[in-house]
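User: I have a new model open and don't know where to start. Can you walk me through it?

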Amino acid sequence: MGIEVVVQGLSKSFGAQTIWEDVSLILPAGEISVMLGPSGTGKTVFLKSLIGLIKPERGKVVVNGVDMINSPDRQVYETRKLFGLMFQDGALFGSMNLYDNIAFPLREHTRKSEAQIRAIVLDSMEMVGLAGDGKKLPGEISGGMRKRAGLARALVMEPEIILCDEPDSGLDPVRTAFLSQVLIDLNAQFDTTMLIVTHNIDIASTVPDNLGMLYRRELVTFGPREVLLTSDDEVVRQFLKGDIRGPIGMSEEKDAALRAMESVVPYSSRKTIPEQLAPTPGLPPRQAVWRRMDRVMRMLPELAPAARDAIVSRHLPGVKE
Ligand SMILES: Nc1ncnc2c1ncn2[C@@H]1O[C@H](COP(=O)(O)OP(=O)(O)OP(=O)(O)O)[C@@H](O)[C@H]1O
């Protein structure tokens, strides 16, 4: 099973620009979490902070007992090996074919034979739907294939935690749906802890066990998916509906007069939430579902009524609050 990531009181600025302050959350072991947020709210900075590539001024990120922000470089470097990273463009070497790109971490960081490497690479390519594409160069394939190749490369090192930065960017809805299914299937097969950063509402509402949102330099919320998906918070509702009415504007914060005009139109809150994707038939069930149910049931008394209803009706159908 993957391992948990504990984030405590994390704050980051670049010069006078505060990116976010006092962010605390736990990515539960083996569960899938999604972080939403308008452009420029520091989601990528957050991902890079988790692996110690960016150093926030305050706070901790504890992974396997190591604080990724404040520990010596050697420990951070070693702990980083527990992570698999999927960046927006796949971050592939343009001059290497897909097979060599995906084999690269194994050749670089392990002493495995070429025969062992071949078996692992072909397995990973199959998992992300790239079987038979090993000879192609990154420049000859679509953006979606490049992303999946980036994911396959992250998988060969058998990471405990996978971080995906906007896996959907530039993809059409069908490719995005395919990628969502790949992410769920990976979690079913490896029980890996996963954090996906995205703007995509379809991914956010059908893939994760937990959902969070960064906005205006803070973590608006983070918790079981039902909490954010039933939230009455104006920012969350506007973002989920992709509505131009609401506090989020082009410049992130609208002026007060425009907001006052909009506030006469009430938001309707959504009470039913989409079903979470199940693994492809034939794969094992996701272990995370049972662990999460246990965890979330214990949290039930602290949750808002709408989230509570959504959880109870899903996990205990027939029981009324
Ligand atoms: N190394 C850096 N030095 C200075 N500022 C930076 C650095 N990296 C990021 N920033 C700033 O931090 C802010 C947040 O950037 P980030 O890329 O994390 O946002 P994001 O939420 O991932 O955006 P998007 O959804 O558009 O990808 C931006 O204003 C960006 O300019």
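Analyst: This is a predicted model. Of the contacts in the protein with a separation of 6 or more, 67% are between residues 24 or more positions apart.

User: How many helices and strands does the protein have?

Analyst: There are 12 helices and 12 strands.

User: And what is the radius of gyration next to that of a compact globule?

Analyst: The protein has 20 Å, which agrees with the value near 20 Å for a compact globule because that rule is applied to 321 residues. Along the principal axes, the C-alpha trace spans about 65 × 55 × 40 Å. Buried residues make up 39% of the 321.

User: Ok, the open sheet. What is the strand order?

Analyst: The order is 6-7-8-3-9-10, 6 strands with mixed pairing. Strand 6 (83-86) and strand 10 (218-224) are the edges, each pairing on one side only. On average, neighbouring strands are turned by 15° against each other, direction ignored.

User: Which helix packs on it?

Analyst: Helix 5, residues 143-155, touches strand 6 and strand 7 (161-165). The direction of helix 5 makes about 170° with that of strand 6.

User: In which sense do strand 3 and strand 8 pair?

Analyst: Parallel, over 4 bridges, with strand 3 at residues 32-36 and strand 8 at 193-197. Met 35 stands opposite Val 197 of strand 8.

User: Switching to the ligand. Which residues surround it?

Analyst: Phe 14, Ile 19, Gly 37, Ser 39, Gly 40, Thr 41, Gly 42, Lys 43, Thr 44 and Val 45. By class, that shell has 3 nonpolar, 6 polar and 1 charged residues.

User: Where does the largest share come from?

Analyst: From helix 1 (residues 43-50), with 3 residues.

Note on methods
Residues are numbered from 1 along each chain as its sequence is written. This is a predicted model: local features need pLDDT of at least 70, side-chain atom pairs count only at pLDDT 80 or more; totals for chains, interfaces and linings use all residues. Two strands pair if DSSP finds at least two bridges between them. Helices (H or I, at least four residues) and strands (E, at least two) are DSSP runs, numbered from the N terminus. Axes are lines fitted to C-alpha atoms, for helices over the stretch in contact, and angles run from 0 to 180 degrees between N-to-C directions. Two residues are in contact if their C-beta atoms, placed from the backbone, lie within 7 Å. A residue is near a molecule or strand if its C-beta atom, placed from the backbone, lies within 6 Å of it. Ala, Val, Leu, Ile, Met, Phe, Trp, Tyr, Cys and Pro count as nonpolar, Asp, Glu, Lys and Arg as charged, and the others, Gly among them, as polar. The radius of gyration is taken over C-alpha atoms; the globule rule is 2.2 Å times the number of residues to the power 0.38. A residue is buried if 20 or more other C-beta atoms lie within 10 Å of its own, exposed if 12 or fewer, and partly exposed in between; C-beta atoms are placed from the backbone.
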